[in-house]
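Colleague: I would like to go through this structure and ask how each label was earned. Please set the values against the definitions as we go.

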Amino acid sequence: MTRFIAVTSGKGGVGKSNFVLNVAIALAAMESNVLILDADLGLANLDVLLGLRPQRTLEDVVLGHASLGDIIVKTDYRVGLIPGSSGTQDMADLDKRQVGNLLGAVREITHDTDFLLIDTASGISSSVVSFLMAAPEVVVGVNDEPTSLTDAYALIKVLKRNGYEGRVSMFASQAKNSAAGHTIYKKISSAAQKFLDIQVEFLGSVYADDKLPRAVKDQVPAIVRYPTSDIARCYRVVALTMLGQKSVSADIEKLWTRLVAMIMKAGRPKAMKAVSFNGEVSARSMEKTLQDILEEQRKTRILLERLLEALETGGLASRVHKGYTA
Ligand SMILES: Nc1ncnc2c1ncn2[C@@H]1O[C@H](COP(=O)(O)OP(=O)(O)O)[C@@H](O)[C@H]1O
Ligand SMILES: [Mg+2]
């Protein structure tokens, strides 16, 4: 099953396009089949970040001059790109029906795709909102600027008003460190929870790193150009977290199988209550068990993050000696 994930932000320039590109490459390196749709219609730039000059773009598809299959570009990083067009006002103003048609066509060519990442424009124009409403998962990029925070919140509010029922996640952009990123997450998630009754999941932080603008200048994705940089590690951790999210959205049958396996392994009688073998489950205990899983997942992520960091700096042995514990 393909996960359709639209990446957006209230405010522009938070690092969405680079996020989409680098996380896509990280996911592909983890054996996922990934396709990127450049839906910043009118001002598409993923091709530029990749140093490519596609002959045809989504505009040709919308005008009926080409099919989606014709315009997909294979990149060097095992990620496919559906290029968008730049400098065309008409493309920026696609209506709901046109966006629906486009995504319907995309759906038909994504049978073997694990992730379709959609890079949208910023703001809450109707074409952006149409993409978001049509995607089962939305990821919002937020940095610490008050305008970014309020715009991100406003965007989530628009989703709520339109009856969005999918998953909402966010990443903290240009954060100084993990604690700073978490603070940004807390601000958004508590407001969304309190005033909109929406739960926002956290995919992690993307640190502020001057390697990113340098990679942009070279037109090579940062994760490829500077694989051991802070920012490359952040993108990889996000990719891992996204892969981990799958278990939450998996169908209920699979979820229970996993739950039972986990509980049996951990031997926790308290969590046992969450599963009833005659098929009846109390909503509260299920919620508690899901929270346990998320917590477990969070811990795994921290462990993996440390492991990756240690492998990259070659300092695994010394850390173990120092008694580095999770
Ligand atoms: N984490 C970061 N660290 C350093 N610079 C960043 C970071 N994120 C974004 N930038 C800067 O912002 C610019 C815009 O990034 P981009 O991914 O195109 O944003 P968006 O798609 O949200 O408009 C980048 O070229 C870079 O100069
Ligand atoms: Mg962009």
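Modeller: What follows is a set of questions on the terms used for this structure.
This is a predicted model, in which local features need pLDDT of at least 70 and side-chain atom pairs count only at pLDDT 80 or more, while totals for chains, interfaces and linings use all residues. Residues are numbered from 1 along each chain as its sequence is written, chains are lettered from A and ligands numbered from 1 in the order in which they are written, and side-chain values use heavy atoms, with hydrogens and water left out.

Colleague: How many helices and strands are in the chain, and what makes a run count as one?

Modeller: The chain has 16 helices and eight strands. They are DSSP runs numbered from the N terminus: H or I over at least four residues for a helix, E over at least two for a strand. Helix α9, residues 178-196, has 19 residues.

Colleague: How do you know what span to expect of α9?

Modeller: The expected span is 1.5 Å times one less than the number of residues. For α9 that is 27 Å, and the helix reaches 26 Å from its first C-alpha to its last, which is close.

Colleague: Which residues of α9 are buried, and why are they said to line one face?

Modeller: Buried means under 20% relative accessible area, exposed over 50%, and partly exposed in between, with a 1.4 Å probe and protein chains only. The buried residues of α9 are Gly181, Ile184, Tyr185, Ile188, Ser189, Ala191, Ala192 and Leu196. Seen down the axis of α9, they fall within an arc of 160°, so they line one face; the arc is that of the directions from the helix axis to the C-beta atoms. An α-helix has 3.6 residues a turn, so residues three or four places apart point the same way. On the other side of α9, Ala179, Lys194 and Phe195 are exposed.

Colleague: What do the buried residues of α9 pack against?

Modeller: They pack against β6, α8, β7 and β8. Contact here means heavy atoms within 4.5 Å.

Colleague: Why is Lys160 called partly exposed?

Modeller: Lys160, in helix α8, has 37% relative accessibility, so Lys160 counts as partly exposed. Leaving aside neighbours within four places in sequence, Lys160 is in contact with Leu196, Asp197 and Ile198. Lys160 and Leu196 are 36 residues apart in sequence, with their C-alpha atoms 7.0 Å apart.

Colleague: Why is Arg78 called exposed?

Modeller: Its relative accessibility is 52%, so Arg78 counts as exposed. Arg78 is in the loop between β3 and β4. Its phi is positive, about 60°, although Arg78 is not a glycine. Most residues other than glycine have a negative phi.

Colleague: What makes the pairing of ligand 1 with Ser17 a polar contact?

Modeller: A polar contact is a pair of N or O atoms within 3.5 Å; within protein, one must be able to donate a hydrogen and the other to accept it, and residues adjacent in sequence count only if both atoms are side-chain atoms. An oxygen atom of ligand 1 is 2.9 Å from an N or O atom in the side chain of Ser17, so the pair meets the limit of 3.5 Å. Taken alone, ligand 1 exposes 560 Å², and the protein buries 77% of that; such areas come from the Shrake-Rupley method with a 1.4 Å probe, and for residues only the protein chains shown count as cover.
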